[in-house]
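Pull up the model and keep the sequence open beside it. We'll take a relaxed walk through a handful of spots worth a look.

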Amino acid sequence: MINDFPQVLTIAGSDCDGSAGMQADMNTFFARKVYGMSVLTACVAGNSFGIEASEILDSEFIEKQCEVLDSDFNIKAVKTGMMANLKTIKTVIDLLKKYDFGTLVVDPVIITKHGNMLLENEAYDELKENLLPLADVITPNYYETQKITGLKLENESEIKKAAQMLQQMGVKNILLKGEHSGSSEVVDDFVLLENGESFWQTHNYVDTTHINGTGDTLSACIVAEIAKGKSIKDAIKAAENYTYQCIAHLIDVGHKFGPINHWN
Ligand code: PXL
């Protein structure tokens with residue numbers, strides 16, 4: 001049947017070293033056997049040491065990419081990654097309202113693991129006020145959750161409160177990525193679903209410098225699993241397991257902070 005194969009989209013930035021952003025999303029889509037498409041918002045010049053430069057695409061060109069995909073494909077789920085600045089995030093929000101790209105997973109990419117800012121400060125309010133209410137799922141890391149909610153996240157009850165705050169901001173399902181602390185052998189992510197059900201998703205901590213693209217992979221895998229028909233809860237669980245396997249099976253490229261391994 002024409003257009004029946006699960007089709008998904010990432011609206012994100014390109015990371016030229018292949019470890020994160022659009023490249024990690026496309027690798028994940030390929031590995032999870034969905035047909036992936038990518039609308040580029042920006043390009044960064046980076047390697048395993050960090051990002052040295054970036055370029056943001058014209059809004060008209062971002063719009064054109066969405067228009068041509070919408071006219072031809074049957075996109076079941078979409079994720080957003082790097083939104084760069086206020087103009088770009090506003091453009092993407094308008095496009096998500098204009099076109100039906102299915103279930104929306106927002107990875108609120110704010111800062112890289114090496115401290116490079118991928119979203120300007122002046123765009124945070126737009127993210128909170130106009131992107132979050134459109135989101136079916138949000139997957140912030142510890143730092144992003146602190147930035148968006150203003151909470152310090154020092155204990156379990158603050159983490160639960162942060163998830164509730166995000167729901168009040170309009171996101172239906174929340175996956176808060178935990179932080180590795182002290183000598184703990186595990187990392188605890190917290191999930192709050194639309195129906196109020198909540199649970200901790202625990203995985204072993206892997207002591208490695210190869211974790212570039214972890215958040216991109218997690219959110220892209222949720223998108224892929226939803227497009228194949230899983231519920232949001234099952235998609236989150238599958239994505240947690242897949243991402244953990246990607247981290248646990250090292251590929252040794254680059255000199256510093258390397259990529260994760262999508263072939264498993
Ligand atoms: O992993 C976050 C991320 C997202 N998008 C782009 C990136 C990065 C991290 O480097 O470069 C384009």
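What follows goes from the annotated domain to a pair of helices, then on to some backbone oddities, a lysine and the cysteines.

Bear in mind that this is a predicted model. For the big picture, start with the UniProt record: an unreviewed entry there lists residues 15-261 as "domain: Pyridoxamine kinase/Phosphomethylpyrimidine kinase". In the model, that span is 39% helix and 21% strand, and its end C-alpha atoms lie 16 Å apart.

Now zoom in on two helices inside that picture. Helix H3 covers residues 86-98 and helix H4 covers residues 124-131; their axes come within 9 Å and cross at roughly 10 degrees. Angles under 35 degrees count as roughly parallel, so H3 is roughly parallel to H4. Who does the touching? On the H3 side you'll find Leu86, Ile89, Lys90, Ile93 and Leu96, and they meet Glu126, Leu127, Asn130 and Leu131 of H4. Sorted by class, this contact has six nonpolar residues, one polar and two charged.

Just ahead of H3 there's a backbone detail to check. Ala84, in the loop between strand S4 (75-80) and H3, has a positive phi of about 65 degrees although it is not a glycine. That's worth a glance because most residues other than glycine have a negative phi. Lys33 also has a positive phi, near 60 degrees, and it isn't a glycine either. You'll find Lys33 in the loop between helix H1 (21-31) and strand S2 (35-47). Buried or exposed: which word fits each of these two residues? Ala84 is buried, at 6% relative accessibility, whereas Lys33 is exposed, at 64%.

Another lysine gives you something in between. Lys161 sits in helix H6 (residues 156-168) and is partly exposed, with a relative accessible area of 45%. Its C-alpha atom is separated by 8.6 Å from that of Leu151, 10 residues away along the chain.

Last stop, the cysteines. How many disulfides does the model have? The count comes to zero, with the cut-off being a pair of cysteine sulfur atoms within 2.5 Å. Take Cys66: the nearest cysteine sulfur belongs to Cys43 and is 15 Å away, and Cys66 is in no disulfide. Cys66 is also buried, with a relative accessible area of 0%. For Cys246, the nearest cysteine sulfur is that of Cys221, at 7.7 Å, and Cys246 is in no disulfide either. Cys246 counts as buried too, at 1% relative accessibility.

Conventions:
Residues are numbered from 1 along each chain as its sequence is written. This is a predicted model: local features need pLDDT of at least 70, side-chain atom pairs count only at pLDDT 80 or more; totals for chains, interfaces and linings use all residues. Side-chain values use heavy atoms; hydrogens and water are left out. Buried means under 20% relative accessible area, exposed over 50%, partly exposed in between (1.4 Å probe, protein chains only). UniProt positions are given in the numbering used here, feature names are shortened, and annotations may be inferred rather than shown by experiment. Helices (H or I, at least four residues) and strands (E, at least two) are DSSP runs, numbered from the N terminus. Axes are lines fitted to C-alpha atoms, for helices over the stretch in contact, and angles run from 0 to 180 degrees between N-to-C directions. Angles under 35 degrees count as roughly parallel, over 145 as roughly antiparallel, 65 to 115 as roughly perpendicular and the rest as oblique. Contact means heavy atoms within 4.5 Å. Ala, Val, Leu, Ile, Met, Phe, Trp, Tyr, Cys and Pro count as nonpolar, Asp, Glu, Lys and Arg as charged, and the others, Gly among them, as polar.
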